[in-house]
Amino acid sequence: MEKKNIDWANLGFAYMKTDYRYVSNYKNGAWDEGTLTEDNKVVLEESAGVLQYAQTIFEGLKAYTTEDGHIVVFRPDLNGDRLETSAKRLEIPVFPKERFLDAVVKTVEANIAYVPPFGSGATLYLRPYMFGSDNVIGVKPATEYQFRLFATPVGPYFKGGAKPITIKVSDFDRAAPNGTGNIKAGLNYAMSLHAIVTAHNEGFDENMYLDAKTHTKVEETGGANFIFVTKEGKVVTPKSDTILPSITRRSLIYVAKEYLGLEAEEREICFDEVKDFAECGLCGTAAVISPVGKIVDHGKEICMPSGMKEMGPVVKKLYETLTGIQMGRITAPEGWIKVIK
Ligand SMILES: *Cc1c(COP(=O)(O)O)cnc(C)c1O
């Protein structure tokens with residue numbers, strides 16, 4: 001298929017309408033068969049559950065062109081599993097994983113013209129989501145739901161190199177103990193908006209959230225997990241019930257151990273330890289890893305030894321190995337790459 005005439009290298013991370021999206025509706029206790037549609041409008045009644053009580057969850061993954069010209073998706077089964085976990089927590093009916101994977105394939109196939117070419121650094125971002133669609137006014141789950149999956153091309157995350165960012169330790173909390181921090185729900189983002197706008201106004205790129213109960217342990221940022229490297233070269237990442245289980249982070253831990261022969265551990269990380277680490281990065285689908293150069297705790301600066309110019313050496317190796325696996329330069333572990341075409 002002829003590619004769309006898009007300036008791939010200069011795309012930002014923004015919504016662009018593509019040709020097709022997948023939609024399935026849940027009613028009378030069952031999902032319908034689902035379909036691709038050209039209609040990007042969602043029509044709801046004024047008291048739809050999602051509009052009143054924020055009953056909505058989402059996922060994010062990418063389709064891209066590999067070095068040898070295939071179009072692939074990275075570990076979509078894990079997105080399907082996580083969407084199921086999120087659905088159960090918000091009393092949303094589960095959209096079966098096989099159907100989720102089928103929707104991913106159909107949506108990418110229908111929008112092949114929007115999958116950026118290899119080497120552009122751009123990708124086709126996929127956004128599956130589900131929401132309560134019928135009217136509720138008393139606080140209770142909706143009885144009707146919609147699953148949608150749209151695709152939008154997004155540009156290379158790092159234009160002109162990955163510059164380390166500066167983050168602040170936030171006074172706001174992201175997730176309550178026994179709350180919803182471990183699911184991918186819109187509500188976790190709604191409450192983070194004031195915190196991120198505040199951080200930006202103060203000149204920071206991101207927030208570091210600490211655990212809500214004691215404010216002593218590192219959790220995550222608004223939309224990415226932390227990965228640290230100790231001075232001995234060990235990779236460590238926070239373990240907590242209130243952070244979102246990032247697929248990128250889980251993949252990086254595997255890469256550290258199995259590809260790079262590094263020690264890697266998921267454990268509680270005290271904020272007091274951060275000053276002793278050698279490197280820090282934020283991991284998520286969009287950037288894979290963004291290097292963190294400086295962490296500011298109420299005016300007290302922690303400068304990572306890796307500095308403000310470039311990624312630290314271990315973060316860089318992790319980044320290059322995982323993107324190498326994604327792009328087909330390095331053999332992937334069994335089941336990590338789903339080939340669409
Ligand atoms: C989506 C998300 C991440 C990153 O997860 P990936 O699966 O790696 O994309 C991290 N933290 C939060 C809060 C998220 O919503």
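**Exercises: the ligand site and an aromatic pair**

An oxygen atom of the ligand lies 2.6 Å from an N or O atom in the side chain of K184, a polar contact (a pair of N or O atoms within 3.5 Å). The model is predicted, with local features needing pLDDT of at least 70 and side-chain atom pairs pLDDT 80 or more, while totals for chains, interfaces and linings use all residues. Residues are numbered from 1 along each chain, and side-chain values use heavy atoms, without hydrogens and water.

**Exercise 1.** Find which side-chain atoms lie 2.7 Å and 2.6 Å from the ligand in E220 and T248.

Solution. Step one: in E220, an N or O atom of the side chain is 2.7 Å from a nitrogen atom of the ligand. Step two: in T248, a polar side-chain atom is 2.6 Å from an oxygen atom of the ligand. Step three: the protein covers 96% of the 390 Å² of accessible area (Shrake-Rupley method, 1.4 Å probe) that the ligand has on its own.

**Exercise 2.** Classify the ring pair of F13 and Y125.

Solution. Step one: the whole structure has 15 aromatic pairs (ring centres within 6.5 Å; planes under 30 degrees apart are stacked, over 60 edge-to-face, the rest tilted). Step two: the centres of F13 and Y125 are 5.2 Å apart and the planes stand at 65°, so this pair is edge-to-face. Step three: F13 precedes strand 1 (21–27) and Y125 is in strand 7 (residues 123–132), 112 residues apart; strands are DSSP runs of E, at least two residues, numbered from the N terminus.

Definitions and conventions
Polar contact = N/O pair within 3.5 Å; in protein donor to acceptor, adjacent residues only side chain to side chain. Phe/Tyr/Trp six-rings, centres within 6.5 Å; stacked < 30°, edge-to-face > 60°. Helix = DSSP H or I, 4+ residues; strand = E, 2+ residues; numbered from the N terminus.
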